[in-house]
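Got a minute to walk through a fold together? Here's the model, and some questions to go with it.

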Amino acid sequence: MVNFGTLNSAYITLLPKMEGVEQPKDFRPISLVHSFGKLVIKMMANRLAPKLQQIVSPNQSAFIKGRFIQDTFMLVQQTIRFLHQQKQPGILLKLDISKAFDSVSCPFLLEILQQLGFGQVSRDIISGLLSSSPTQILLNGTPGDHISHQRGLRQGDPLTQMLFILVMDVLGHMISKAEREGLLLPLSR
């Protein structure tokens, strides 16, 4: 595994959202990432982006060039309208994945990458980036103790968005497999 150490460190600081801030909610946290980490992440993201179209299922639309997340919303609206017009019973399930970035397991992600055919060097670099991203909180310009992350992806950079898509694609495949094996009934029944 590659050890990027301090070259992949980050500081978290608070920026005021407006003039005359008085409460914590008036601040926005921002992560200041070392430029070397940003460079490696950007290079990896640029290499991965053109391949996502072939790797990820067509029903995944977020963060993939040439696909639009609005298409998903339109599909859901049309499905609801169809079921309503046909007076067919149905269940729609909306999953809240707002905290999912924080719970991605690095070993699981690396297993997905291996199954997708990513080489050992690429997996080592990604593993190194994920495991060597210590964070310190800046308080009045002074860094605090190091916070080591046990799981999750660093939000806000282009590579982790793509890695998250690969993780979520596994959920899509699991749902499709459950439907093929008769564990889920189609909506139109």
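Before the strands come up, one convention: two strands pair if DSSP finds at least two bridges between them. Helices (H or I, at least four residues) and strands (E, at least two) are DSSP runs, numbered from the N terminus. This is a predicted model, where local features need pLDDT of at least 70, side-chain atom pairs count only at pLDDT 80 or more, and totals for chains, interfaces and linings use all residues. Residues are numbered from 1 along each chain as its sequence is written, and side-chain values use heavy atoms, with hydrogens and water left out.

Q: In what order do the elements of the protein run from the N terminus on?
A: There are five helices and four strands to place. Reading from the N terminus on, the run is β-β-α-α-α-α-β-β-α.

Q: In which sense do β1 and β2 pair, and over how many bridges?
A: Strands of a sheet pair through backbone hydrogen bonds, either parallel or antiparallel. Here, β1 covers residues 10-16 and β2 covers residues 27-33. Their pairing is antiparallel, over seven bridges.

Q: Which residue in β2 is the bridge partner of Tyr-11?
A: The candidates sit in β2, residues 27-33, which pairs with β1. Within β2, Tyr-11 has as its bridge partner Leu-32.

Q: Is Leu-32 buried, partly exposed or exposed?
A: Leu-32 is in strand β2, and it touches Ser-9, Ala-10, Tyr-11, Thr-13 and Leu-138, not counting residues up to four places away in sequence; contact here means heavy atoms within 4.5 Å. The cut-offs are under 20% relative accessible area for buried, over 50% for exposed and in between for partly exposed (1.4 Å probe, protein chains only). With a relative accessibility of 38%, Leu-32 counts as partly exposed.

Q: How far apart in space are Leu-32 and Ile-12, C-alpha to C-alpha?
A: Along the sequence, Leu-32 and Ile-12 are 20 residues apart. In space, C-alpha to C-alpha, the separation is 6.2 Å.

Q: Which residue in β3 is the bridge partner of Ile-12?
A: β1 also pairs with β3 (residues 135-139), in the parallel sense and over three bridges. Elsewhere along β3, Ala-10 stands opposite Thr-135. For Ile-12, the bridge partner in β3 is Ile-137.

Q: Which are the edge strands of the sheet?
A: The four strands form an open sheet with mixed pairing, in the order β2-β1-β3-β4. An edge strand pairs on one side only. That description fits β2 and β4 (142-143).

Q: What is phi of Asn-140 near?
A: Asn-140 is in the loop between β3 and β4, and it is exposed, with a relative accessible area of 77%. Its phi is a positive value in a residue other than glycine, near 55°.

Q: At what angle do α3 and α5 pack, roughly?
A: Axes are lines fitted to C-alpha atoms, for helices over the stretch in contact, and angles run from 0 to 180 degrees between N-to-C directions. α3 (residues 106-115) and α5 (residues 158-180) have axes 10 Å apart. Angles under 35 degrees count as roughly parallel, over 145 as roughly antiparallel, 65 to 115 as roughly perpendicular and the rest as oblique. The helices pack at an angle of about 85°, which makes α3 roughly perpendicular to α5.

Q: How many nonpolar residues does the contact of α3 with α5 have?
A: On the α3 side there are Phe-108, Leu-109, Ile-112 and Leu-113, and on the α5 side Leu-163, Leu-166, Val-167 and Val-170. Ala, Val, Leu, Ile, Met, Phe, Trp, Tyr, Cys and Pro count as nonpolar, Asp, Glu, Lys and Arg as charged, and the others, Gly among them, as polar. No polar and no charged residues take part, and the nonpolar count is eight.

Q: How many charged residues does the contact of α1 with α5 have?
A: α1 (residues 35-55) packs on α5 at an angle of about 35°, with the axes 8 Å apart. Lys-42 of α1 and Asp-169 of α5 are among the residues that meet. By class, twelve are nonpolar, none are polar, and the charged ones number two.

Q: Which residues is Met-168 in contact with, leaving aside neighbours within four places in sequence?
A: Met-168 is in helix α5. C-alpha to C-alpha, Met-168 and Val-104 are 9.8 Å apart, with their positions 64 residues apart in sequence. The contacts of Met-168 are Gln-60 and Ile-97.
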